[in-house]
Structures are given as structure tokens and as C-alpha cells.
Amino acid sequence: MKQYLDLCNRIVNEGVWVENERTGKRCLTVINADLTYDVANNEFPLVTTRKSFWKSAIAEIIGYIRGYDNAADFRALGTKTWDANANDNPAWLANPHRKGKDDMGYVYGACARNWAKPHGGTVDLLRQIIDDLSNGIDNRGEILTFFNPGAFELGCLRPCMYSHHFSLLGDTLYLNSTQRSCDVPLGLNFNMVQVHVLLALVAQITGHKAGQAYHKIVNAHIYEDQLALMRDVQLKREPLPQPKLHINPKIKTLEDLETWVTMDDFQVTDYQHHDAIKYPFSV
Ligand SMILES: Nc1nc(=O)c2c([nH]1)NC[C@@H]1CN(c3ccc(C(=O)N[C@@H](CCC(=O)O)C(=O)O)cc3)CN21
Ligand SMILES: O=c1ccn([C@H]2C[C@H](O)[C@@H](COP(=O)(O)O)O2)c(=O)[nH]1
């Protein structure tokens, strides 16, 4: 929590105003932040200075794992977070590749679970990584990437957390996640949870202990219409003790995650938080 608040304060105190053409809004911006999550000790990085909708965050990462490309599938899993990008962005609505209501296009897991090879055929990158790690193999390239420049025009948004690199040291699994662009009041609140959960889940289904997760953020920003709420409300509050995450131990395989897992298989205990804050969302 401290590292989140430190980053928010750093943006407020040292950020530089940058125009953003896609949203038409200015962002107070810093470059480079490195956050670490102690997954080994289950120090769940949930924001306490406002109510965080952690189930929604976990639903997003499960949707990426399943290769979803449709906001309706994300809604069925428990999150509405893709509704606006799928249905309200004028550039995407005018894009001839959009397949209709709720379509997100070729993004995130839809790419990673079905990478087109230049010489024909496809690769299920996540399946390969899970198989390697389950067999104790770390080939120094166990990288789940969603970044596919040749397909940007086929999707509603480029991936923000675009790379998750898994590493084995003995029987302990580590994760380095990289994020190119970060909406700190809204997105990061979810992304911290997602990095923690991704390492915890992949460790669980590949039979390893979870170690640390390292989260690198390149462009970290606060939109102009979010600044007053962050500076004058959220940053005035005192953080509360960190809660714990509990994942159903019956989840043992990638197929379990793909088929029967729901948000009821995740519990958070001892979550004390301040009141919710409704931050504006930029489409
Ligand atoms: N501008 C922007 N910021 C983002 O963080 C973001 C995008 N766009 N587009 C793609 C995804 C969608 N994400 C989202 C979208 C909405 C919320 C949101 O509205 N959160 C509210 C309520 C969540 C709920 O009720 O489930 C929050 O208070 O956290 C969070 C992340 C993260 N990403
Ligand atoms: O997981 C996510 C997904 C998106 N975001 C934020 C970061 C930016 O504010 C927007 C994406 O806009 P770009 O113009 O494509 O950079 O969404 C996030 O923080 N976390």
C-alpha cells in the first residue's frame, strides 16, 4: 500500500502535464515505477484508502487467461470493465474490424492463446508456459506477451500490462510483469491485484511455491479530471492493515481456470477500507 501511495504522491508532486490525443485529456505523468508484491507471504496489495472492487480485477485476469475477446464474457465472469472500450470509443465503433456489440477484437488472451506464426499455424503461449513450468522447465523465455504490433488495428485498445515473464529458482516461481501505460487511480488499483493473483495462481497450478512479483510501470499517470479526488481526498486518508487473499486449493490445472472457476473461488479476509471513490473513466 505504501508503494502505491508513494507513486500517487510522486505523480502529484513531480508529475509533468502531457496531452493525450486518444482520450483528449491531459495527464499528470511520471516515467518509471517499480512495485514489488510479496506473494510468498500473501501480502495482498489491495488499496485500503478507498474501497477496491477486487473481484472485478480478478475477473479481468481470468478473462485474459481464457482468451476472451468480448465484454459480455467479462460481464458474465463478474466485471463490466471492458464495456466502455468495446462499445463507447468512437474510433473502435468506426473500425471495420469490430464484429458488433461487445466485441473487443484481437486483444490480450485472444492473441496470446492463439498467436499466428509467420510460417503458418498458431501457438497457445500460455499452454506452453504452463506445461514447461509444470515440468520444472524455465527456458529463460517463459514470457506471456500480449504485445502484437501487427494486430493493433484489430483491437479496441493496445494491451497495457503487456508482458508477464515467469522464472523458476529451485521450487519457487517468480514473476516480472511490465506495463506500458497506467491509469493510477483506476487501472493500477486492479493491476496490482492481477499481478499478485497471476503469480499465486500459476504457482498453484504448476506445483511451485510463489516468490515475489515485480511490477514495472513505464508511463504512470493521473487524468486531469481525477487529480482533485486523488490529491484532496484519497491521499488525505491513512492506510489500513493489508488483507489476505485465499484461493480455492481445488484449482489445480489450466483447464480448471478455463472451465469451472468463478469469483467465488477467491476470498479476501480482513479487508478494512475507507469509503469508495468514484473516479472518472476515460474511454
Ligand atoms: N482509462 C482507462 N483506464 C483503465 O484503467 C483501463 C482502461 N482505460 N481501459 C481498459 C481497462 C479497463 N479497466 C478498468 C475499467 C473500469 C474500472 C472502474 O470503473 N473501476 C471502478 C469500479 C469497478 C467496479 O465496480 O467493478 C473502481 O472504482 O475501481 C477499472 C478498470 C482498466 N483499464
Ligand atoms: O490494465 C490496464 C488497462 C488500461 N489501463 C489504462 C492506462 C491508460 O490510461 C489507458 C489506455 O490508454 P492508452 O492510450 O492505450 O495508453 O488505460 C490501465 O491502467 N491498466
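This is a short dialogue about reading a sheet, two ligand sites and two unusual backbone angles in a predicted model.

Trainee: I would like to start with the sheet. In what order do the strands of the open sheet stand?

Mentor: Good place to begin! When you read a sheet, follow the strands by neighbour. Here six strands make an open sheet in the order 1-2-8-7-6-5, with mixed pairing. Strand 1 (16-20) and strand 5 (142-145) are the edges: each has a single partner strand, so one side of each has no neighbour in the sheet. From one strand to the next, the twist averages 25 degrees.

Trainee: How many bridges join strand 5 to strand 6?

Mentor: There are four bridges, and strand 5 and strand 6 (residues 161-169) run antiparallel. You can find one opposite pair yourself: look for Thr-145, which faces Ser-163 in strand 6.

Trainee: Which strands does helix 1 lie across?

Mentor: Helix 1 (residues 2-14) lies across strand 1, strand 2 (25-38) and strand 8 (209-223). To describe such packing, we also give an angle: helix 1 runs at about 155 degrees to strand 2.

Trainee: Now the ligands. Which residues are closest to ligand 1?

Mentor: A useful habit is to list the surrounding residues, then look at individual atoms. Ligand 1 is surrounded by 16 residues, and the closest are Arg-50, Asn-85, Asp-183, Gly-187 and Ser-282. On the atom level, the side chain of Arg-50 has an N or O atom 2.8 Å from an oxygen atom of ligand 1. The side chain of Asp-183 places an N or O atom 2.7 Å from a nitrogen atom of ligand 1. Ser-282 takes part through its backbone, with an N or O atom 2.9 Å from a nitrogen atom of ligand 1. The protein buries 79% of the 650 Å² that ligand 1 exposes when taken alone.

Trainee: Which helix gives the most residues to the shell around ligand 1?

Mentor: That is helix 8, with four residues. Helix 2 (54-66) and helix 8 (184-206) each supply at least two residues of this shell. Sorted by class, the shell around ligand 1 holds seven nonpolar, six polar and three charged residues.

Trainee: And the other site: how many residues surround ligand 2?

Mentor: We can read this site in the same order. Around ligand 2 there are 14 residues, the closest being Arg-22, Arg-180, Ser-181, His-221 and Tyr-223. Asn-191 has a polar side-chain atom 2.8 Å from a nitrogen atom of ligand 2, and a polar side-chain atom of Gln-179 is 3.4 Å from a nitrogen atom of that ligand. Asp-183 has a backbone N or O atom 2.8 Å from an oxygen atom of ligand 2. Alone, ligand 2 would expose 460 Å², of which the protein buries 88%. Strand 7 (172-183), helix 8 and strand 8 each give two or more residues to the shell, and strand 7 gives the most, with five. The shell around ligand 2 is made of five nonpolar, five polar and four charged residues.

Trainee: One last feature, the backbone angles. What is the phi of Asn-42?

Mentor: First, the general idea: most residues other than glycine have a negative phi. Asn-42 is not a glycine, yet its phi is positive, about 50 degrees. You will find Asn-42 in the loop between strand 2 and helix 2. Asp-270 also has a positive phi, near 60 degrees, without being a glycine. Look for Asp-270 in the segment after strand 10 (266-269).

Technical notes. Residues numbered from 1 in each chain as written. Chains lettered and ligands numbered in written order. Predicted model: local features only at pLDDT ≥ 70, side-chain atom pairs only at ≥ 80, totals over all residues. Heavy atoms only, no water. Pairing = 2+ DSSP bridges. Axes fitted to C-alpha atoms, helices over the stretch in contact; angles between N-to-C directions. Contact = heavy atoms within 4.5 Å. Near = heavy atom within 4 Å. Polar contact = N/O pair within 3.5 Å; in protein donor to acceptor, adjacent residues only side chain to side chain. Areas by Shrake-Rupley, 256 points an atom, 1.4 Å probe, with all protein chains shown as cover. Nonpolar A, V, L, I, M, F, W, Y, C, P; charged D, E, K, R; others polar.
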